There are 2 protein chains.
Amino acid sequence: MTTYKETGVDIEAGDETVNRIRSSVRNTFTPGVEADIGAFGAFFAPDLEGVEDPVLVSSIDGVGTKLKVATRAERYDTVGQDLVNHCVNDIAVCGAEPMYFLDYYGVGALEPSTAEAVVEGFAVACTKNECALVGGEIAEMPDVYGEGDFDLVGTVVGLVDKADVVEGDDVAPDDVLLGLPSTGIHTNGYTLARTVLFDEYTVEDRPPELGGESVGEALLRVHRSYLRPIQALLEADLVKGLAHITGGGLPGNLQRILPDGCEAVVDYDSWDRPPLFSLIQREGDVPEADMRQTFNLGVGLVAAVRKADAQQALERLEAIGELPVPIGRVAAVSGDER
Amino acid sequence: MTTYKETGVDIEAGDETVNRIRSSVRNTFTPGVEADIGAFGAFFAPDLEGVEDPVLVSSIDGVGTKLKVATRAERYDTVGQDLVNHCVNDIAVCGAEPMYFLDYYGVGALEPSTAEAVVEGFAVACTKNECALVGGEIAEMPDVYGEGDFDLVGTVVGLVDKADVVEGDDVAPDDVLLGLPSTGIHTNGYTLARTVLFDEYTVEDRPPELGGESVGEALLRVHRSYLRPIQALLEADLVKGLAHITGGGLPGNLQRILPDGCEAVVDYDSWDRPPLFSLIQREGDVPEADMRQTFNLGVGLVAAVRKADAQQALERLEAIGELPVPIGRVAAVSGDER
């Protein structure tokens, strides 16, 4: 492993590039980073003050073929942010605070300016999430990756006190489902989106439906982090379950937090579907059921809250600039459906 | 992220394959695994009893183009082991005990029997290292990976009490360097090894130098874990510094643990160089300096010990079945070389 902090990034480029990357990475460091030790591993001392029963929560992920859009648009500063935020969301919905992140960058032939943009993306999102970028590996494998192709993998490690784990096990009928807007397709459904859109458009095309945005810009919108709104709800003890809407869409991901005997009743007309989804559906003649199973359709995070808490939760979120929408409710599964 | 424990592995294969994979993964679980919670992240409760100042030590890595040898030999049960052991070694040399591992498997088109063999490899090595395989992601990306190609990435997370971190900062002139045999090329130098050997041989060829082993078998030998011998040395307080010999060979990796003013003096004739390295050197007409900078040459781990402790360290290692060899010593850098 290349620990950025110790050995620098193994890029055969000018010192300036390497120094800029090092500086970006160092800006992500939080007090837990043990920057001066560890020749082979990355060190992090968790802050356990007040934590009775510490549980580490981790997630490893990639960004799928959103990478192919980045390559097509020759824009590399966003995919690293997508990956960090995706991973952070996955542990934040469990109630965990992110501590640190490690990245892997597999590539056919390393292009220093691309590498700098990618790592800068990791660093930008890590800083925003107060999650230290403690290490990474850059692997040049010309026989595995084609020219211009690459893959990004990230692991986030976070901490939660066991009593504060958000599981959704007390979610019950009549609970309200609050949705938070997604910023775009996030990191799921790109195979379908690319197939449909690039059959018709280039990345530079600006179909009128997108209101001035190009196809590339719309597809590369950064998968946002929901850490702050999640923290706001958790601090106020206003949430029973949280779902990050990734592959599988609302049906698939809500199912992950609902106890047996409960189902989600989502009113798909309760929010405005962003135009990119409508464009994909129309151009690809995609059935509505497939749209729902594949895309977030404009809702990237769902919180299940007690009906009595719903108004307070909405206000709490609005107070920090969020735009929550009640999108449905939890219902008991009727006998014959179980 | 697909958490194996919760959602199973997302393979469109017969239930039997999925069940076998699930069962392999479950066999790796240690008491720290919180198997029943966590829909989006992987949970692990570290055992902090007796740990005064806990530090998490992590490493992310791949196995490089050893994957191409696996593909060529159509043998997929070893590369997962290589990856786990490589990562475990990287944190064990820092003094950390591995707790858990997460894997990423990026592939063009998923072949269930290959996936089963790969995950089985992760599970086998995780079990041997008492390191739980808590989660993984399988990403099918036909546009990124060519037919039959794939990449594997792993992250290990371990724990060490800060006072027990092995840094090498007290390594000093006259310390003895003890080497432990490697099992083969481990996971570094495969681009050179493949270029040279596959120019002359197929994976099935058995050059007489390899004593009956095929080229494929020799190249796919599993990168061993050094966790047990490292633990034996640490328990007896017999080690000042530990180096995992990966990319950069003995010179590059010993340098990582030597304080300023110290250099390693290695006697390259003090151990028998395994025939695979000699074969590569001869067939590729590779200069000795390049061999030393690229390969472990038969020594996969080096421990720096006090001269007075060397005999005891050797005996301690031999008592657990290891075959340690004194390979050199630490010397003061002479003034004009600094």
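A nonpolar core is a set of buried Ala, Val, Leu, Ile, Met, Phe, Trp, Tyr and Cys residues joined through C-beta atoms within 7 Å. The exercises below apply this and related ideas to a predicted model.

**Exercise 1. The core**

Task: State how many residues the largest nonpolar core has, and which of them have the most contacts inside it.

Solution: The largest nonpolar core has 211 residues. Those with the most contacts inside it are Val302(A) and Ala303(A), together with Phe44(B), Val302(B) and Ala303(B). As a next step, take Val302(B) and leave aside residues up to four places away in sequence: Val302(B) then touches Leu177(B), Leu178(B), Gly179(B), Ala243(B), Ile245(B), Leu254(B) and Ile327(B).

**Exercise 2. The fold of one chain**

Task: Describe chain A by its helices and strands, and decide how its radius of gyration stands against the globule rule.

Solution: Chain A contains 12 helices and 10 strands. Its radius of gyration is 21 Å, close to the 20 Å that the globule rule gives for 338 residues, so chain A is as compact as a globular protein of that length. Along its principal axes, the C-alpha trace of chain A spans about 65 × 55 × 35 Å. Of the 338 residues in chain A, 52% are buried, and among its contacts with a separation of 6 or more, 83% are between residues 24 or more positions apart.

**Exercise 3. The relation between the copies**

Task: Find the turn and the shift that lay chain B on chain A, and name the kind of axis that relates the copies.

Solution: A turn of 180° with a shift of 0.0 Å along the axis lays chain B on chain A with an RMSD of 0.0 Å. The two copies are therefore related as by a two-fold rotation axis. In chain B, the C-alpha nearest this axis belongs to Tyr145(B), at 3.1 Å from it. The same surface serves both copies, since 98% of the contact residues of chain B recur in chain A.

**Exercise 4. The contact between the chains**

Task: Work out which element of chain B gives the most residues to the side that touches chain A, and how strand E1 of chain A is joined to that element.

Solution: The contact takes 54 residues from chain B and 54 residues from chain A. Elements giving two or more residues to the side of chain B include helix H3 (66-73), helix H4 (79-92) and strand E2 (54-62). E2(B) gives the most, with 9 residues. By class, this side of chain B has 29 nonpolar, 13 polar and 12 charged residues. Strand E1 (residues 42-44) of chain A runs antiparallel to E2(B) and is joined to it by 3 bridges, and Phe43(A) has Val57(B) as its bridge partner in E2(B).

How values were computed: Residues are numbered from 1 along each chain as its sequence is written. Chains are lettered from A and ligands numbered from 1 in the order in which they are written. This is a predicted model: local features need pLDDT of at least 70, side-chain atom pairs count only at pLDDT 80 or more; totals for chains, interfaces and linings use all residues. A residue is buried if 20 or more other C-beta atoms lie within 10 Å of its own, exposed if 12 or fewer, and partly exposed in between; C-beta atoms are placed from the backbone. Two residues are in contact if their C-beta atoms, placed from the backbone, lie within 7 Å. Copies are superposed by least squares on the C-alpha atoms of residues with pLDDT of at least 70 in both. Helices (H or I, at least four residues) and strands (E, at least two) are DSSP runs, numbered from the N terminus. The radius of gyration is taken over C-alpha atoms; the globule rule is 2.2 Å times the number of residues to the power 0.38. Ala, Val, Leu, Ile, Met, Phe, Trp, Tyr, Cys and Pro count as nonpolar, Asp, Glu, Lys and Arg as charged, and the others, Gly among them, as polar. Two strands pair if DSSP finds at least two bridges between them.
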